[in-house]
Amino acid sequence: MSKKTPLNLTDNNKLVELQQVSKHFRVSEGILKAVNNVNFDIYKGETLGLVGESGCGKSTLGKVLMGIYPPTHGKILYHGKKDIEIKRSTHFDYSKMAQIIFQDPYSSLDPRMTVGSIVEEGMIIHKMYDKKKRQERVYELLELVGLNREHANRFPHEFSGGQRQRIGIARALSIEPEFIVCDEPISALDVSIQSQIINLLHDLQEKLGLTYLFIAHDLNIVKYISDRIAVMYLGNIVELATSDELYNNTLHPYSQALLSAVPIPDPDKEAQKKRQILTGDVPSPINTPKGCPFAGRCPRATDICRQEKPVLEMKQGHLVSCHHVEK
Amino acid sequence: MNRVLRVDDLHVSFDTYAGEVKAVRGVTFEVAQGEVLAIVGESGCGKSVTAQTIMKLNPMPPARIVKGEIELGDKDIVKATEKEMMSIRGKDVSMIFQDPMTCLNPTMTVGKQLTEAITHHQKLSNEDAHKEALRLLNLVKIPNPEQRSKQYPHEFSGGMRQRVMIAMALSCAPKLLIADEPTTALDVTIQAQIMDLLQEIKEKTNTAIILITHDLGVVASMADRVAVMYAGKIVEIGTAEDIFYRSSHPYTRALLRSLPTTEMDRSVRLVSIAGTPPDLLNPPVGCGFASRCDNCMKICQTELPPQFEVGQDHLSACWLQHEDCPSAKDGGEK
């Protein structure tokens, strides 16, 4: 297969710009800071992996990026077919350029709609094509994702998990978006089916020039599919780098612990590996203490970590937010 | 070898309105003391049914042991009555489940649930049972056991609940612990903690563990021996090294190659196994994997392959290993 063209990380190739984006939820115990002052860019044609443990805010960030949740603070600029700011009033325009693939292929398809009408619905909403052309597009899309045109008249329950995820992908592609948020698209699937879907997503990206935000917690797969990876902890981006750089030169103590915790399917390597085991659990994102969000579990934490929150800045060639990483 | 469990030619079916689902179709294996046997396979391959049948936890009917033997220590599980099972479960064999939230009683304190398990099998005073409960919570490294034992499950995080489950499973020092996807619901950093704990407990107590999982990474880090299941049968069984480095069954090999490693980038295409597993309502007459196998031969579709010995204690159920098969010997390379 052809090697991927190198990433173009210049300003005029930005697709999405996040400027100090926060998403807070008011809950009875206080304020839940699901996403906290996040700054980064997504470039055209790249796959940006977003990893972190459950509750770190990665799915919320995905939903903010889809315009499903309006951000509490900050703004998101989108430079696609149209230049817009992602907010409620532009949501309709934006939804024609960006789509989402969900984690659970069972609950994300309406059981009472045929596969054909599920895939067609987006085109009807956006008034694309006439009825006959839409039908053709449905067949085309089903074949594109590896299903048959005969499947258009069936219902979701007649399909296996992997096939349903293909239907979800066809639906996302139906309105020809440029940007797709993949929210854990494979974690509900079996190992032998996972690789089918990853290969499909990869082929579609090459064919259609898509940009992906790939949210996942399986680090081996994220490393494989992503050009760059952002590591999230308690609503904050703690490290962001190209995937090789992140794996070979891991700087943030949390990223180090996360990577060392991933079991490798190779007994010899597992036996040799020094595992850095974190104590404790992820703290609650409600009323978080000041200072570094990771300070409570960090083996290197000192007074400054508990007092002052580090900012995400360029250190040793990639973005990291830690007081203890030398410039 | 000090054998703890012997399962011989086990067949388990479920009688459903659509017909008989042959979930387990002839499974044979043994587990020795202090050993970790991992059973891996995709959902629906029968790995959990096998485990549940060892404890007779699946409701019968609809489940039914068609034939086969299960021998736990000197006890015959297949013939055991429900009353006998009550004293076997927890004492000789215990189980930890995937979802620690649904397995704990939300209306009872953690300490109460633990002492209940202890007093069921041992004649201890309430005070002694409580002391024992605290010792167990300490063993699974729950901080402040005294205070924590008075709390309810909802006050515990996922990883902590799984620790409570392990404490409960260990309460009567069983010879065999069945861990059914113990870390699937947990995050990787918590998964690492729990696996570390299981490893430590195994070394301390010399309990045999059956680890059921679909994560080959977890298998590599813990298992001594591995059984790969597909469509209700064990297709390959051997030591972890046999399975990871000298796998001989096409399914095992495809499974291993479908995983991306950290050294791979996207210029290398992932191997995917086309198709889906067979429907066990009408299992195929031949090899279960035949329809998805790249090396499928005529005989694979008509006859079930027996277990061929490919190395010491390394069995593979594939016709490629038959001595008359021309490519039998070059099957080992990747």
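Start by colouring chain B by burial: of its 334 residues, 48% are buried. Keep in mind as you go that this is a predicted model.

Now show chain B as a cartoon. You should find 12 helices and 12 strands. Its radius of gyration is 21 Å, close to the 20 Å that the globule rule gives for 334 residues, so chain B is as compact as a globular protein of that length. If you draw a box along the principal axes, the C-alpha atoms fill roughly 70 × 50 × 40 Å. Try a contact map too: among contacts in chain B between residues at least 6 apart in sequence, 62% join residues at least 24 apart.

For an example of a link across the sequence, select Arg25(B), which sits in strand E2 (residues 19–32) of chain B. Buried or exposed? Arg25(B) has 20 other C-beta atoms within 10 Å, so it counts as buried. Next, pick Ala231(B): it is 206 residues away from Arg25(B) along the chain, yet the two C-alpha atoms are separated by 8.0 Å. Setting aside neighbours within four places in sequence, the contacts of Arg25(B) are His11(B), Gly232(B), Lys233(B) and Pro283(B).

Move on to H8(B), residues 188–205. Put a distance label between its end C-alpha atoms and you'll get 25 Å; at 1.5 Å a residue, the 18 residues should span 26 Å, so the two agree. Then highlight the buried residues of this helix: Val188(B), Thr189(B), Ile190(B), Gln191(B), Ala192(B), Gln193(B), Ile194(B), Met195(B) and Leu198(B). What do they pack against? Within chain B, the partners are helix H7 (158–170), strand E7 (176–180), strand E8 (208–213) and H9, and from chain A there is helix H9 (253–261). Just after H8(B), click on Asn206(B): its phi is positive, near 60°.

That chain A partner leads to the last stop, the contact between the chains. Select 38 residues from chain B and 36 residues from chain A to see both sides. On the chain B side, the elements giving two or more residues are helix H8 (188–205), helix H9 (216–222), helix H10 (240–245) and helix H11 (250–257). Which of them gives the largest share? That is H8(B), with 7 residues. Finally, recolour the chain B side by residue type: you'll see 16 nonpolar, 15 polar and 7 charged residues.

How values were computed
Residues are numbered from 1 along each chain as its sequence is written. Chains are lettered from A and ligands numbered from 1 in the order in which they are written. This is a predicted model: local features need pLDDT of at least 70, side-chain atom pairs count only at pLDDT 80 or more; totals for chains, interfaces and linings use all residues. Two residues are in contact if their C-beta atoms, placed from the backbone, lie within 7 Å. Helices (H or I, at least four residues) and strands (E, at least two) are DSSP runs, numbered from the N terminus. Ala, Val, Leu, Ile, Met, Phe, Trp, Tyr, Cys and Pro count as nonpolar, Asp, Glu, Lys and Arg as charged, and the others, Gly among them, as polar. The radius of gyration is taken over C-alpha atoms; the globule rule is 2.2 Å times the number of residues to the power 0.38. A residue is buried if 20 or more other C-beta atoms lie within 10 Å of its own, exposed if 12 or fewer, and partly exposed in between; C-beta atoms are placed from the backbone. The expected span of a helix is 1.5 Å times one less than its number of residues.
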